[in-house]
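Student: I have a new structure in front of me and would like to learn how to read it. Could you take me through it step by step?

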Protein chains: 2
Amino acid sequence: MKTEIRAFTHLAPVPAVLVSCGDGKVSDIVTIAWTGTINSDPPMLSISVRRTRYSYEIISKTGEFVVNLVSQNLLKVLDGCGVVSGRDTDKFEKFSLTREKCAHVAAPAIAESPVSIECVVRQKVELESHVMFLAEIVGASARADWAEGGKLHIPDGELIAYVQNRYVKTGETVGTYGFTAKK
Amino acid sequence: MKTEIRAFTHLAPVPAVLVSCGDGKVSDIVTIAWTGTINSDPPMLSISVRRTRYSYEIISKTGEFVVNLVSQNLLKVLDGCGVVSGRDTDKFEKFSLTREKCAHVAAPAIAESPVSIECVVRQKVELESHVMFLAEIVGASARADWAEGGKLHIPDGELIAYVQNRYVKTGETVGTYGFTAKK
């Protein structure tokens with residue numbers, strides 16, 4: 001028998017990523033944990049953003065954004081981009097990040113992120129505190145040593161996850177999909 | 001400069017959870033990694049399910065489901081519930097799981113899961129390979145030693161995350177939200 005607790009955003013672990021956006025003139029970065037894969041074919045993900053965010057304005061206008069995965073060396077940037085507003089601050093400059101040109105969207109990727117996922121918004125869903133952008137993944141890039149032969153391999157122990165209000169390490173692989181069905 | 005890779009469902013780490021559903025007569029469990037928190041107030045999450053899944057039928061009919069978080073002792077169940085169909089098999093029985101009554105929905109929770117999140121569907125979004133259920137979290141329960149004083153505390157190192165096609169451990173806390181803004 002479990003103990004009743006209050007209804008809350010208990011899902012865990014969730015991703016913690018840096019979302020970059022821009023139209024060539026303005027650009028911004030926002031930390032997002034309210035994100036997930038939503039469709040396999042075509043590949044799609046969603047991000048949920050508060051209407052007051054500077055990034056919300058930019059993404060609403062451009063219909064594009066880039067999801068940049070976060071390895072442990074970017075932990076301070078991950079937290080910092082969640083507590084500073086891009087209206088007053090150029091976050092690329094403040095956090096010494098490099099804009100990287102994308103092949104399929106005009107929004108900049110973050111060069112220092114190990115994997116950047118280029119997204120085009122297909123649908124917007126208005127919720128109460130947040131707006132969801134449902135987006136198709138139209139391209140991607142990864143650091144060279146994670147993408148040998150053009151195939152992504154994320155090493156164990158690199159990425160950050162978010163559990164309650166904490167950033168946690170990811171660790172070793174304990175199984176691969178379908179392992180219980182193999183003899 | 002990063003290397004271009006194919007557009008794919010690269011977001012990682014993502015959650016890996018057991019979703020239970022039922023109407024009192026039939027019930028099922030399905031493994032879901034395409035899930036995420038989508039709204040803070042009210043608390044909401046989404047799950048994406050293939051139309052061919054038995055759970056899809058049940059959730060479409062009942063408008064309810066329970067997201068059960070997965071700790072390492074449930075790893076084989078997590079994988080097994082993703083590769084077996086509930087049409088032929090009672091997964092509670094097959095995997096020696098116990099139906100637990102929920103306070104706010106008729107769907108059963110999984111007693112062996114450390115945290116169960118009770119959800120009511122508010123909106124259905126039809127995508128190509130999957131259908132998204134956008135749901136409000138209306139209740140929750142947790143094992144007693146994770147819920148002292150009614151407040152959830154998930155210990156480090158317990159939950160499983162999903163990275164590419166691999167189940168990985170979560171590890172130690174490396175920071176809490178806002179830590180870079182504190183002096």
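Tutor: We will go through the two copies, their interface, the strands, the salt bridges and a few backbone details.

Tutor: First, this is a predicted model, in which local features need pLDDT of at least 70, side-chain atom pairs count only at pLDDT 80 or more, and totals for chains, interfaces and linings use all residues. Residues are numbered from 1 along each chain as its sequence is written, chains are lettered from A and ligands numbered from 1 in the order in which they are written, and side-chain values use heavy atoms, with hydrogens and water left out.

Student: What rotation superposes chain A on chain B?

Tutor: In general, two copies of a chain are related by a rotation about an axis and a shift along it. Here a rotation of 180° with 0.0 Å of shift along its axis places chain A on chain B, with an RMSD of 0.0 Å (a least-squares fit on the C-alpha atoms of residues with pLDDT of at least 70 in both copies). That is how a two-fold axis relates copies. Both copies use the same surface, as 100% of the contact residues of chain A recur in chain B.

Student: How many residues of chain A are in contact with chain B?

Tutor: Taking contact as heavy atoms within 4.5 Å, 94 residues of chain A touch 94 residues of chain B. About 7,800 Å² is buried between the two chains, 61% of it on carbon and sulfur atoms; buried area is the accessible area (1.4 Å probe) that two parts lose on being put together, summed over both. A:Lys2, A:Leu11 and A:Thr37 supply 11% of the area that chain A buries against chain B, more than any other three residues.

Student: Which salt bridges should I look for?

Tutor: Side chains of opposite charge can pair when their charged atoms come close. The rule asks for a side-chain nitrogen of Lys or Arg within 4 Å of a carboxyl oxygen of Asp or Glu. It gives 16 salt bridges over all chains. Within chain A, A:Glu57 pairs with A:Arg87, their closest N and O atoms being 2.6 Å apart. This pair links distant parts of the chain, 30 residues apart: A:Glu57 is in helix 1 (residues 54–62), and A:Arg87 is in the loop between helix 2 (75–83) and helix 3 (91–94) of chain A. Helices (H or I, at least four residues) and strands (E, at least two) are DSSP runs, numbered from the N terminus.

Across the interface of chain A and chain B there are six salt bridges. One of them joins B:Glu172 and A:Lys169 (3.6 Å, N to O). On the side of chain A that touches chain B, strand 13 (residues 166–176) gives the most, with eleven residues.

Student: In what sense do strand 13 of chain A and strand 13 of chain B pair?

Tutor: Two strands pair if DSSP finds at least two bridges between them. These two run antiparallel and share seven bridges; for example, A:Gly175 has B:Tyr167 as its bridge partner. They belong to an open sheet of six strands in the order 2(A)-12(A)-13(A)-13(B)-12(B)-2(B), with antiparallel pairing. Strand 2 (14–15) of chain A and strand 2 (14–15) of chain B stand at the edges, each with a single partner strand, so one side of each is left without a neighbour in the sheet. Strand 12 (residues 160–163) of chain B is joined to strand 13 of chain B by four bridges, and B:Ala161 stands opposite B:Val168.

Student: Where are the cis peptide bonds in chain B?

Tutor: One joins B:Ala12 and B:Pro13, with omega about -10°, and B:Pro13 is in the loop between strand 1 (3–5) and strand 2 of chain B. Another joins B:Asp41 and B:Pro42, with omega about 0°.
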